[in-house]
Amino acid sequence: MFEVNLINYNARDFISKAELDLFISKHDTFYTKEVIAEFKKAGLARRVVIKIWNKEGAFRVGILFEYKGEKAYKDCQKLLEKHILPHFKDFNTKVVGSRGIIVHEF
């Protein structure tokens with residue numbers, strides 16, 4: 001296990017619950033064991049998708065990526081473009097992304 005020092009968090013809003021549910025259901029199809037192994041080898045420590053439930057009328061997920069460092073982030077971006085993004089490009093979503101380095105944790 002290695003220490004995480006770079007985090008990327010995206011909030012993704014969908015136009016309907018059906019779109020949100022479809023997006024969630026596709027993850028197991030495209031994040032295969034082989035693809036996950038490539039991400040881990042490139043330096044991805046953890047990826048979490050959460051369904052936001054406390055915003056009434058919003059259909060939103062949060063996606064957290066934890067990386068070993070900047071090189072891992074860049075290498076994983078290439079893998080996202082190769083393996084994942086083409087499958088999700090037709091979703092009508094608004095994405096707000098944030099990237100940062102850890103300055104405090106416990």
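**Exercise 1. Helix H4**

Where is the kink in H4 centred, and what is its angle? Then list the buried residues of this helix.

Solution. The model is a predicted one.
Step 1. Follow the axis of H4 to glutamate 81, on which a kink of about 50° is centred.
Step 2. Go along the helix and pick out the buried positions: Ala72, Tyr73, Cys76, Gln77, Leu79, Leu80, His83, Ile84 and Phe88.
Step 3. Compare the spacing of these positions with helix geometry. An α-helix has 3.6 residues a turn, so residues three or four places apart point the same way.

**Exercise 2. Overall fold**

Give the order of the elements along the chain, and decide how its radius of gyration stands against the globule rule.

Solution.
Step 1. Count the elements: the chain has four helices and four strands.
Step 2. Read them from the N terminus, which gives β-α-α-α-β-β-α-β.
Step 3. Take the radius of gyration, 14 Å, and set it beside the 13 Å from the globule rule for 106 residues; the two are close, so the chain is as compact as a globular protein of that length.
Step 4. Add the dimensions: the C-alpha trace spans about 40 × 30 × 20 Å along its principal axes.
Step 5. Look at the contacts with a separation of 6 or more; 76% of them join residues 24 or more positions apart.
Step 6. Turn to the surface. Of the 106 residues, 34% count as buried. The chain exposes about 7400 Å², and carbon and sulfur atoms supply 55% of that area.

**Exercise 3. The largest nonpolar core**

Find which residues of the largest nonpolar core touch the most other members, and which element gives the most to it.

Solution.
Step 1. The core has 22 residues, and those touching the most other members are Phe23, Phe39, Tyr67 and Ile84.
Step 2. Two or more residues come from each of strand S1 (6-14), helix H1 (17-25), helix H3 (33-42), strand S3 (60-67) and helix H4 (70-88).
Step 3. H4 gives the most, seven residues.
Step 4. Take Phe39 as an example. Leaving aside residues up to four places away in sequence, phenylalanine 39 touches Tyr31, Leu44, Cys76, Leu79, Leu80 and Ile84. Cys76, Leu79, Leu80 and Ile84 are buried residues of H4.

**Exercise 4. Two residues of strand S1**

Classify asparagine 10 and phenylalanine 14 as buried or exposed, and list their contacts beyond four places in sequence.

Solution.
Step 1. Asparagine 10 is in strand S1, and phenylalanine 14 is also placed in strand S1.
Step 2. Apply the cut-off for burial, under 20% relative accessible area. Asparagine 10 has 13% and is therefore buried. Phenylalanine 14, at 7%, is buried as well.
Step 3. Asparagine 10 touches Val61, Gly62, Ile63, Phe65, Val95, Val96, Gly97 and Ser98, residues up to four places away in sequence not being counted.
Step 4. With the same exclusion, phenylalanine 14 touches Glu19, Leu20, Phe23, Phe59, Val61, Phe91, Asn92 and Thr93.
Step 5. Check one pair that is far apart in sequence: phenylalanine 14 and alanine 58 are separated by 44 residues, and their C-alpha atoms are 7.7 Å apart.

**Exercise 5. Salt bridges**

Trace the network that links Lys17, Asp21 and Lys51, and state how exposed each of its residues is.

Solution.
Step 1. The structure holds seven salt bridges.
Step 2. Lysine 17 pairs with aspartate 21, with 2.6 Å between the closest N and O atoms. Both residues lie in helix H1, four residues apart, about one turn of the helix.
Step 3. Aspartate 21 also forms a salt bridge with lysine 51, at 3.6 Å from N to O. Aspartate 21 lies in helix H1 and lysine 51 in strand S2 (residues 44-52), so this pair ties together parts that are 30 residues apart in sequence.
Step 4. Lys17, Asp21 and Lys51 are thus members of a network of salt bridges.
Step 5. Lysine 17 has 46% relative accessibility and counts as partly exposed. Aspartate 21, at 30%, is partly exposed, and lysine 51, at 43%, is partly exposed too.
Step 6. Another salt bridge joins the side chains of lysine 89 and aspartate 90 at 3.6 Å, N to O. Lysine 89 and aspartate 90 are both exposed.

Key: Residues numbered from 1 in each chain as written. Predicted model: local features only at pLDDT ≥ 70, side-chain atom pairs only at ≥ 80, totals over all residues. Heavy atoms only, no water. Core = buried A, V, L, I, M, F, W, Y, C linked by side-chain atoms within 4.5 Å. Buried < 20%, exposed > 50% of the residue type's maximum accessible area, 1.4 Å probe, protein only. Contact = heavy atoms within 4.5 Å. Bend = angle between axes of the 7 residues up to and from the residue. Rg over C-alpha atoms; globule rule 2.2 N^0.38 Å. Areas by Shrake-Rupley, 256 points an atom, 1.4 Å probe, with all protein chains shown as cover. Salt bridge = Lys/Arg side-chain N within 4 Å of Asp/Glu carboxyl O.
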